[in-house]
Amino acid sequence: MKKILAAVLLLVGSNAIGQDIPLLDTTMKKAMSEKGYVDTKIAFRDFSGNTTDGRIYTQDSLKNKVTFVNFWFEHCAPCVAEFDALNKLYNKYKNNPGFRFISITFEKPEDIKRIVKEQHLDFPIIILEREKIYPLIFQLGFPTTIIVDQTGKISYIKTGGPVEKKLAQQQVDLVFSKQIDRLLFPQ
């Protein structure tokens, strides 16, 4: 019995070592806390995606900017609850040359156009296949918000959120804005 248990542990351990993402039960579990995970020292992963109007965004699009990245999908209640607050956040910082805001979803282009119209969304939305999103969010859930610093490192990551719009607005105002300001306006 001990040999079987040792073999199972060895197999599981070798699988974990071969992964290129932090294990959820260790490093990235902090992203699921109420405060999120600050100063991860982890580089934001390479990606390439198009918006519904054909603009291409890649890892290079984020260079030398504080970048707010929000991952969502339509049938995620906390994702939808954030939309109004994220719109306000986007409009607050959009004219700052040191800032970029993008959102990423796996929704179909025709669905995105409908959602943008229904929700009055102003921010750019990048379409990626679902299987390309999960490595970017470390296999966490939705919504996931990542704030990348000017060097390309993840300065802040938070997964989950409230389903009430008022609480989502408080999270954006008290947490996300604070993290953006910390990077844009260091003291």
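Q: Axes are lines fitted to C-alpha atoms, for helices over the stretch in contact, and angles run from 0 to 180 degrees between N-to-C directions. At about what angle does α2 run to β4?
A: This is a predicted model, in which local features need pLDDT of at least 70 and side-chain atom pairs count only at pLDDT 80 or more, while totals for chains, interfaces and linings use all residues. Residues are numbered from 1 along each chain as its sequence is written, and side-chain values use heavy atoms, with hydrogens and water left out. Helix α2 runs at about 160 degrees to β4 (66–71), and lies across both β4 and β5. Helix α5 (residues 165–184) runs at about 170 degrees to β8, lying across β1, β4, β5, β7 and β8.

Q: What makes a stretch of the protein chain a helix or a strand, and how many of each are there?
A: Both are DSSP runs numbered from the N terminus, with at least four residues (H or I) for a helix and at least two (E) for a strand. By that rule the protein chain has five helices and eight strands. Their order from the N terminus is α-β-β-β-β-α-β-α-β-α-β-β-α.

Q: Why are β1 and β3 called edge strands?
A: Two strands pair if DSSP finds at least two bridges between them. The open sheet has eight strands in the order β1-β8-β7-β4-β5-β6-β2-β3, with mixed pairing. The strands β1 (37–38) and β3 (56–58) each pair on one side only.

Q: How do you know that β2 pairs with β3 and with β6?
A: β2 and β3 share three antiparallel bridges, and β2 and β6 share two; both pairs therefore satisfy the requirement for pairing. Ser48 has Thr58 of β3 as its bridge partner, whereas Thr51 is matched with Ile126 of β6. Four residues lie between β2 and β3 in their hairpin, where Gly54 takes a positive phi near 95 degrees.

Q: What makes the side chains of β2 alternate?
A: In β2 (residues 48–51), Gly49 and Thr51 point to one face and are buried, where buried means under 20% relative accessible area, exposed over 50% and partly exposed in between (1.4 Å probe, protein chains only). Ser48 and Asn50 point to the other face and are not buried. Across the 187 residues of the protein chain, 45% count as buried.

Q: Why are Ile112, Ile115 and Gln119 of α3 placed on the same side?
A: These three residues of α3 (residues 109–119) are buried. They cover an arc of only 65 degrees around the axis, so they lie on the same side of α3; the arc is that of the directions from the helix axis to the C-beta atoms. On the other side, Glu110, Lys113 and Lys117 are exposed. The buried residues of α3 pack against α2, β5 (99–105) and β6 (125–127).

Q: What makes a set of residues a nonpolar core, and which members of the largest one touch the most others?
A: Such a core consists of buried Ala, Val, Leu, Ile, Met, Phe, Trp, Tyr and Cys residues joined through side-chain atoms within 4.5 Å. The largest has 50 residues, of which Phe44, Phe68, Phe71 and Ile157 touch the most other members. Helix α2 (residues 77–93) gives the most to this core, with seven residues.

Q: Which residues are in contact with Ile157, leaving aside its neighbours within four places in sequence?
A: Contact means heavy atoms within 4.5 Å. Among the residues that Ile157 contacts are Met28, Tyr37, Phe138, Leu140 and Ile146.
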